[in-house]
Amino acid sequence: MEYGMIFLGLAIVFGLFMAWGIGANDVANAMGTSVGSGAITIKQAVLIAAVFEFAGAFLAGGQVTKTIRKGIVDADLLSSTPELLIFGMLAALLAAGIWLLVASRFGWPVSTTHTIVGAIVGFAAVGIGFEAVHWGKVGTIVMSWIVSPALAGIVSYWLFRSVQKFILNTDNPFENAKRYVPYYIFLTAFMIALVTMFKGLKHVGLETTIAQNYGMAFIFGLIVMFVSMNYTRKIQIKPEADKDFHFANVERVFGVLMVVTACAMAFAHGSNDVANAIGPVAAVVGIVQSGGEVATKSMTPIWILILGGAGIVAGLMMYGKHVIATIGKNITELTPSRGFAATLAAATTVVIASGTGLPISTTHTLVGAVLGVGLARGIGALNLNVVRTIFLSWIVTLPAGALMSIAFFFMLKGIFS
Amino acid sequence: MARTTISSLFGSSPVAPLQSHMASVQECIVELVPFFKAVLKEDWKKAKAQQKKIAKLEGEADKLKKKLRLHLPKSLFMPISRRDLLEVLTMQDKIANKSKDIAGLIIGRKMTFPPEVSEKLLDFVKRCIDASKQAQKAINELDELVETGFSGREVTLVQDMIKTLDEIESDTDKIQVKVRAALFKQEKDLPPVDVMFMYRVIDGIGDLADLSQRVGSRLELLLAR
């Protein structure tokens with residue numbers, strides 16, 4: 001294929017740039033609640049994010065990558081002109097990367113996911129043809145953007161209510177925290193493992209049955225639970241900690257849980273958001289490597305998943321940790337007990353979406369989850385302006401991503417053909 | 001790059017500022033005890049210094065009040081209603097204002113109380129300060145209330161505190177009757193204008209307990225939502 005190596009090189013550079021941007025900005029949103037609650041330090045957050053973002057991208061990132069790669073555009077229409085798909089995907093990456101740069105410069109709450117989906121739909125509908133877009137699939141994706149924050153909100157509301165019922169509103173909250181927190185830890189590890197087992201591990205060469213999935217997730221949950229019980233058991237009441245705030249000791253027990261949910265959140269984020277960067281790369285690589293075959297049946301190569309994970313970690317190390325530090329300072333109202341409810345709800349929602357191959361916005365899902373805790377009257381003050389700006393960003397981001405990618409599409413087309 | 005979506009979602013909680021305002025009010029009102037001791041001893045130098053201190057502390061509480069008010073935009077989503085919160089704040093602030101008024105009035109007129117009244121008067125002041133202290137105790141539970149999402153045991157705890165506050169307030173009413181009765185016995189021997197103002201001071205002190213009780217009842221409204 002003519003220019004094959006150039007396309008490949010461009011795709012990798014643009015993809016890395018996107019992944020870097022996600023690591024620099026997006027990860028901070030995912031980790032901020034954990035740092036803000038005081039359960040983990042910034043160093044720990046960076047470490048957790050690096051390990052679990054990578055693991056999430058590698059182990060559970062395949063489905064969403066597949067959606068971005070070939071779920072939105074109808075590749076069959078392009079079998080005679082495979083380079084159009086390459087131009088499109090490159091244009092989409094470039095458009096999304098630039099839009100995100102602009103947005104983060106102005107502090108707009110835009111989502112990487114929304115941008116890349118808008119960009120892909122844009123070039124496909126205008127550059128190739130209206131019928132080239134799987135509108136049904138796009139409809140499902142857009143629906144999931146509304147459903148995911150709502151779902152996360154409902155889950156976090158009930159999680160927090162259960163914490164109230166079993167722990168905070170009892171005669172001995174400290175002892176009850178020690179008793180029940182391990183179960184929440186089990187639940188977190190079990191959920192994440194189960195969804196990953198169900199959807200993610202085929203590409204690592206692990207074929208499992210449903211019963212095996214449940215069994216292994218159960219065992220994984222138990223292992224995590226017992227490991228963390230070592231920590232919860234050691235926590236002793238410090239009477240002086242409760243002087244100003246009676247739940248200070250209880251919150252220390254929740255701190256252990258928060259560490260686990262922070263890992264889950266990083267994992268979930270990696271499983272969903274890394275696809276935004278590497279889905280288009282995978283599409284380009286697929287076409288170039290098969291010598292122009294568009295409707296490739298092959299799996300996403302593992303090295304691309306690793307590439308995405310590495311890009312995120314690089315962005316996190318170079319820039320993201322500063323953002324995490326800033327966010328952590330701003331979110332001090334979130335105690336570990338509510339931080340965990342919000343984070344776990346968001347992580348669960350995101351991982352389920354990842355398993356179903358739906359690209360959703362981790363940040364917006366987390367916003368929904370935090371609002372859920374707020375509805376249970378658990379947070380001192382929430383700024384509802386953010387919700388309005390998020391709605392606005394939805395309205396602006398899709399056309400912006402689309403228009404830019406259309407422009408880049410025709411530019412690339414003009415240069416290379 | 002200071003604000004991201006998640007960090008801008010969190011507004012600054014009004015709970016801690018409300019509590020520090022109440023703490024500042026309490027600091028102001030406790031100074032009434034040394035003030036009254038000095039006045040009853042007719043140590044005007046000391047009394048004047050105390051009065052200045054009270055005025056200064058009242059000013060500090062005022063500053064906190066203004067700051068909190070400015071930080072409560074309408075878009076804030078809080079577990080407590082904005083209106084009720086602002087009313088609690090107003091009530092708290094009135095306690096400090098009243099303390100300052102009382103001290104100012106006494107200093108301005110160099111009021112001397114008859115010795116038959118003085119001991120009861122000091123008890124009265126102390127009991128009224130107990131009331132505001134109890135109100136502060138209840139206000140200090142607000143962060144625990146947010147922690148439990150305004151439900152369960154914590155609500156019962158605060159309701160009990162407010163009940164105690166009501167009891168203290170009715171106690172102060174009884175003491176007020178006694179102080180008035182003691183003054184009534186002496187009033188024919190005293191200059192009538194002075195006596196008028198003494199009654200006014202007694203009313204003012206009683207108001208301190210009243211206001212404290214109202215802080216409690218506003219807090220109860222916050223719980224009831």
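Is Ala24(A) buried or exposed? In this predicted model, Ala24(A) has 23 C-beta neighbours inside 10 Å, and because the cut-off for a buried residue is 20 or more, Ala24(A) counts as buried. The residue is found in helix α1 of chain A. Setting aside neighbours within four places in sequence, Ala24(A) is in contact with Gly315(A), Met318(A), Tyr319(A), Gly320(A) and Val323(A). Not everything in the chain gathers around this spot, though: 187 residues along from Ala24(A) comes Ala211(A), and the C-alpha atoms of the two are separated by 39 Å.

Next comes the nonpolar core. The largest one has 217 residues, and those with the most contacts inside it are Leu90(A) and Val284(A). Which helix gives this core its largest share? That would be α9(A), with 26 residues. As for Val284(A), and not counting residues up to four places away in sequence, it touches Phe7(A), Leu8(A), Ala11(A), Ile86(A), Met89(A) and Leu90(A). So the two residues with the most contacts inside the core, Leu90(A) and Val284(A), also touch one another.

Helix α9(A) deserves a look of its own. It covers residues 248–289, and at 1.5 Å a residue its 42 residues should span 62 Å; the end C-alpha atoms turn out to be 58 Å apart, which agrees. The helix does have a kink of about 50° at Asn276(A), shortly before the proline Pro280(A). Of the 42 residues of α9(A), 39 are buried, so the helix is largely enclosed by the rest of the structure. After α9(A) comes Gly291(A), with a positive phi near 70°.

Helix α5(A), residues 112–128, tells a similar story with 17 residues. From first C-alpha to last it reaches 23 Å, close to the 24 Å expected at 1.5 Å a residue. It is mostly covered, too, with 15 of its 17 residues buried. Here again a glycine follows: Gly129(A), whose phi is positive, near 155°.

Over to chain B. It has nine helices and one strand, and from the N terminus on the elements run α-α-α-α-β-α-α-α-α-α. Its C-alpha trace spans about 70 × 40 × 20 Å along the principal axes. Buried residues make up 44% of the 225 residues in the chain. Of the contacts in chain B with a separation of 6 or more, 87% are between residues 24 or more positions apart.

One helix of chain B to pick out is α2(B), residues 15–30. Its 16 residues should span 22 Å at 1.5 Å a residue, and its end C-alpha atoms are 23 Å apart, which agrees. Which residues of α2(B) are buried? They are Val15(B), Leu18(B), His21(B), Met22(B), Ser24(B), Val25(B), Gln26(B), Cys28(B) and Ile29(B). Several of these sit three or four places apart in sequence, Val15(B), Leu18(B) and Met22(B) among them. An α-helix has 3.6 residues a turn, so residues spaced like that point the same way. What covers the buried residues of α2(B) includes α3, α4, α5, α6, α7 (142–147) and α9 (192–224) of chain B.

Two loops of chain B hold something a bit unusual. Most residues other than glycine have a negative phi. Glu42(B), however, has a positive phi near 55°, and it lies in the loop between α3 (32–40) and α4 (44–70). Lys110(B) is not a glycine either, and its phi is positive at about 45°; it lies in the loop between α5 (82–109) and α6 (115–139). Where do they stand on burial? Glu42(B) has 12 C-beta neighbours inside 10 Å and so counts as exposed. Lys110(B) has 12 such neighbours inside 10 Å and counts as exposed as well.

Finally, the two chains meet. The contact takes 37 residues from chain A and 30 residues from chain B. On the chain A side, α1 (4–36), α6 (135–168), α10 (302–330), α12 (362–375), β1 (382–383) and α13 (385–416) each supply at least two residues. By class, this side of chain A has 18 nonpolar, 17 polar and two charged residues. Strands take part as well: β1(A) and β1 (residues 76–77) of chain B pair in the antiparallel sense over two bridges. Within that pairing, Leu382(A) stands opposite Phe77(B).

Notes:
Residues are numbered from 1 along each chain as its sequence is written. Chains are lettered from A and ligands numbered from 1 in the order in which they are written. This is a predicted model: local features need pLDDT of at least 70, side-chain atom pairs count only at pLDDT 80 or more; totals for chains, interfaces and linings use all residues. Two residues are in contact if their C-beta atoms, placed from the backbone, lie within 7 Å. Ala, Val, Leu, Ile, Met, Phe, Trp, Tyr, Cys and Pro count as nonpolar, Asp, Glu, Lys and Arg as charged, and the others, Gly among them, as polar. Two strands pair if DSSP finds at least two bridges between them. The expected span of a helix is 1.5 Å times one less than its number of residues. The bend at a residue is the angle between axes fitted to the seven residues ending there and the seven starting there. A nonpolar core is a set of buried Ala, Val, Leu, Ile, Met, Phe, Trp, Tyr and Cys residues joined through C-beta atoms within 7 Å.
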